[in-house]
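Here is a set of short exercises to work through with the viewer open. Try each task on your own before you read its solution.

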Amino acid sequence: MNKEALCHIPKSNYAYAYKLDELHIRLRTAKDDLEEVTLFYGNKFNWQNKKSGWMQKVYQDEYYDYYEYRLQLEDTRLGYYFGLKKGEDYLFLTEVGLEEIFNDDMAYCYYFQYPFINAEDVHKQPSWLQDAIFYQIFVERFFNGDVANSPTPLTPWEDDPTPKSFFGGDLKGIIEKLDYLEKLGINAIYLTPIFESPSNHKYDTVDYMRIDTYFGDEKIFEELVLKAHQKGMKIILDAVFNHCGIAFAPFQNVMQKGRASKYYDWFFIKGEKVILEPPNYLTFSQVPYMPKLNTAHPEVREYLFSVVRYWTKTYGIDGWRLDVSDEIEHGFWRAFRELVKGINQEVVIIGENWHNAYPWLMGDQFDSVMNYPLTKLMGDYFARKAIDAKAFKEQLTSLYMRYPKQVNEGMLNLLDSHDTERFLTLCQEDKASLKNAAAFLFGYIGIPCTYYGTEIGMIGEYDPGCRKGFDWCEAHWDQDVYHYYKRLIAIRKQEKVLQTGEMSLFYQGKLFVMRRYDQEAMIDIVINQTQGPLTYEIAYRGKKEGGRCEEVLYNTPINQKDSLVIPAGHTYYIKIINS
């Protein structure tokens, strides 16, 4: 028995409350090591009536097996330990380590415990989130709906962008294109920053309480929110609280008065006065015109929270995406969550974290994060073709097991964004790989997000290339990709199992397979990333007399078949129906 591989951590992604009366227990073991894992559990104050159950091996990555047991509990004051069997060996895993004999008379000294499920500790997300189809808009590049508020000089819409070019996209333009988004199937819009700023990207905020004049005004924003809501769409704003722009009034005051300024401690300045070159103050990245805010300072915190109150309450927005969220202290985000959820429990909080975000996803800070590790992994498999189906399945498993189930259900999953190259460019313009990646994205657990223009085949290198103006000339669109996206979104909405179902991952030869299932339905998403056709042997349990399969992506019945040829570079959604 590989003892070193064993891992269980109470009150973590290995033991967490999924609901007020449901606890999920996980155990990690070495790959293909154990024959049987038993969970012994009971009420801590009624231990003599403890129970036991076999744990199910639910996932496997390159090195480990992951076992899981879901407990429905009336009294959540739980004690538990594990029984591990391999051949003639049988050991008990307890809080103090491995034991050959477990003494139930001394159980309270040795078992793991989950003391109590408190309602405030259960990670809860907005009720609408799992139904959401997100669309990210870089506002300056979507559509120019009001030339009267456009900056000058204006770069021709069809030109390639530079870091400083302006194209004139605005909020009125988004209002005019809501019908397009509705037709596509979008029901949640994430906007890059819209507050006053001198740049085209607006991540260097000058005034957090004003809409940038190039984008419109508060009246236009109110109209956008109202009309989006009338179409059943949510509006999510970008909160840039890690840093501000150099023209932010408090920083300008410090530039004028130095240490004598009442705003001096709003920033991280080394010295009596501000020095710009090289900067003697902390910044975002190494960008002098984006000074870092001291969010631990009470006045800074209250100012930013007043911003949150204003936009959340006054305009009824539906969420905040938090820029550079991992560089701000956890205490700020805990207070931020308390404020936002106090206004409206249904407002979503999404962090920008590019790596393991578990410390922010324990129910006391964010609802979700932008799932950039998944973005990287999809790039490795679909675009760079650096890994095969087996490695993709194993690495995907490792990523999935980082978080509790409800966290995975709310992750914002994306192929590309304003901070990456376009996925089709990453694919070297191989459309089949983009379509396969999109099919995976809309089938995977979590919330799919499309970066504006990906659905029509837009290309572009990393910033500024990925921020080109949306091409509204339909003759230029890749109609095949566009209609494929529409079909994927429609299937996602139609098949509830893709929104809320369980998930299993496996591979069959060179095919990658993801299964989504619940008590009512089962869909196998079978992806062929090779250059030739491959046969998928449809493996499923419980097929009743008269059962059939239906290939839902192309709407082609495959009744009574136990195998199916998947063409090169294609994904099939196979709906397995027991009738």
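## Exercise 1: two backbone oddities

V324 sits in the loop that runs between β16 (319–322) and α7. Keep in mind throughout that the model is predicted.

**Task.** Find the phi angle of V324, and decide whether V324 is buried or exposed.

**Solution.** Start with the backbone: phi of V324 is near 45°, a positive value in a residue other than glycine. Next take the accessibility. The relative accessible area of V324 is 6%, and the cut-off for buried is under 20%, so V324 is buried.

**Task.** Do the same for D32: what is its phi, and is D32 buried or exposed?

**Solution.** D32 is not a glycine either, yet its phi is positive, at about 55°. Its place is the loop between β2 (22–30) and β3 (36–43). With a relative accessibility of 56%, D32 counts as exposed, since the cut-off for that class is over 50%.

## Exercise 2: cis peptide bonds

**Task.** Look at the bonds from E277 to P278 and from D463 to P464. What is omega in each case, and where do the two prolines lie?

**Solution.** Take the E277 to P278 bond to begin with: this peptide bond is cis, with omega about -15°. P278 is in the loop between α5 and α6. Then move on to D463 and P464, which are also joined by a cis peptide bond, here with omega near 10°. P464 belongs to the loop between β20 and α13.

**Task.** Go back to the loop between α5 (249–257) and α6 (298–315) and pick out H297. Which residues does H297 contact, leaving aside neighbours within four places in sequence?

**Solution.** The contacts of H297 under that condition are D265 and W266. As for its cover, H297 has 17% relative accessibility and counts as buried.

## Exercise 3: helix α12 and its salt bridges

**Task.** Check the length of α12 against what its residue count predicts.

**Solution.** The helix has 13 residues, and at 1.5 Å a residue it should span 18 Å. The factor is applied to one less than the number of residues. The end C-alpha atoms of α12 are 18 Å apart, which agrees with the expectation.

**Task.** How many residues of α12 are buried?

**Solution.** The count is 11 of 13, so the helix is mostly covered. Among the buried residues are S433, N436, F440 and G443.

**Task.** K431 belongs to helix α12 (residues 431–443). Which side chains does K431 meet in salt bridges?

**Solution.** One partner is D478, at 3.6 Å from N to O. D478 lies in the loop between β20 (447–451) and α13 (479–494), so this pair ties together parts that are 47 residues apart in sequence. Another partner is D480, at 3.2 Å from N to O. D480 is in helix α13, so that pair links parts 49 residues apart in sequence. Now compare accessibilities: K431 is partly exposed at 30%, D478 is partly exposed at 24%, and D480 is partly exposed at 35%.

## Exercise 4: a buried pair

**Task.** Consider the salt bridge between D367 and K341. Which parts of the chain does this pair tie together?

**Solution.** The side chains meet at 2.9 Å, N to O. D367 lies in the loop between β17 (348–351) and β18 (368–369), while K341 is in helix α7 (residues 330–343), so the pair ties together parts that are 26 residues apart in sequence. D367 is buried at 0% relative accessible area, and K341 is buried at 9%. For the wider setting, the whole structure has 41 salt bridges.

## Exercise 5: core and surface

**Task.** Which residues have the most contacts inside the largest nonpolar core?

**Solution.** This core has 127 residues, and those with the most contacts inside it are L171, L191, F221, F241, W320 and F440. Follow F440 further: beyond its neighbours within four places in sequence, its contacts include L374, M378, F392 and F512. A second, separate core has 24 residues, including A17 and L84.

**Task.** Which residues make the nonpolar surface patch of about 390 Å²?

**Solution.** The patch is made by V96, M106, Y108 and Y110. Of these, Y108 is found in helix α1 (residues 107–110) and counts as exposed at 57% relative accessibility.

Terms used. Residues are numbered from 1 along each chain as its sequence is written. This is a predicted model: local features need pLDDT of at least 70, side-chain atom pairs count only at pLDDT 80 or more; totals for chains, interfaces and linings use all residues. Side-chain values use heavy atoms; hydrogens and water are left out. Patches are made of residues with over 30% relative accessible area and no salt bridge: like charges are joined within 9 Å, nonpolar side chains (Val, Leu, Ile, Met, Phe, Trp, Tyr) within 5 Å. Accessible areas come from the Shrake-Rupley method with a 1.4 Å probe; for residues, only the protein chains shown count as cover. A salt bridge is a side-chain nitrogen of Lys or Arg within 4 Å of a carboxyl oxygen of Asp or Glu. Helices (H or I, at least four residues) and strands (E, at least two) are DSSP runs, numbered from the N terminus. Buried means under 20% relative accessible area, exposed over 50%, partly exposed in between (1.4 Å probe, protein chains only). A nonpolar core is a set of buried Ala, Val, Leu, Ile, Met, Phe, Trp, Tyr and Cys residues joined through side-chain atoms within 4.5 Å. Contact means heavy atoms within 4.5 Å.
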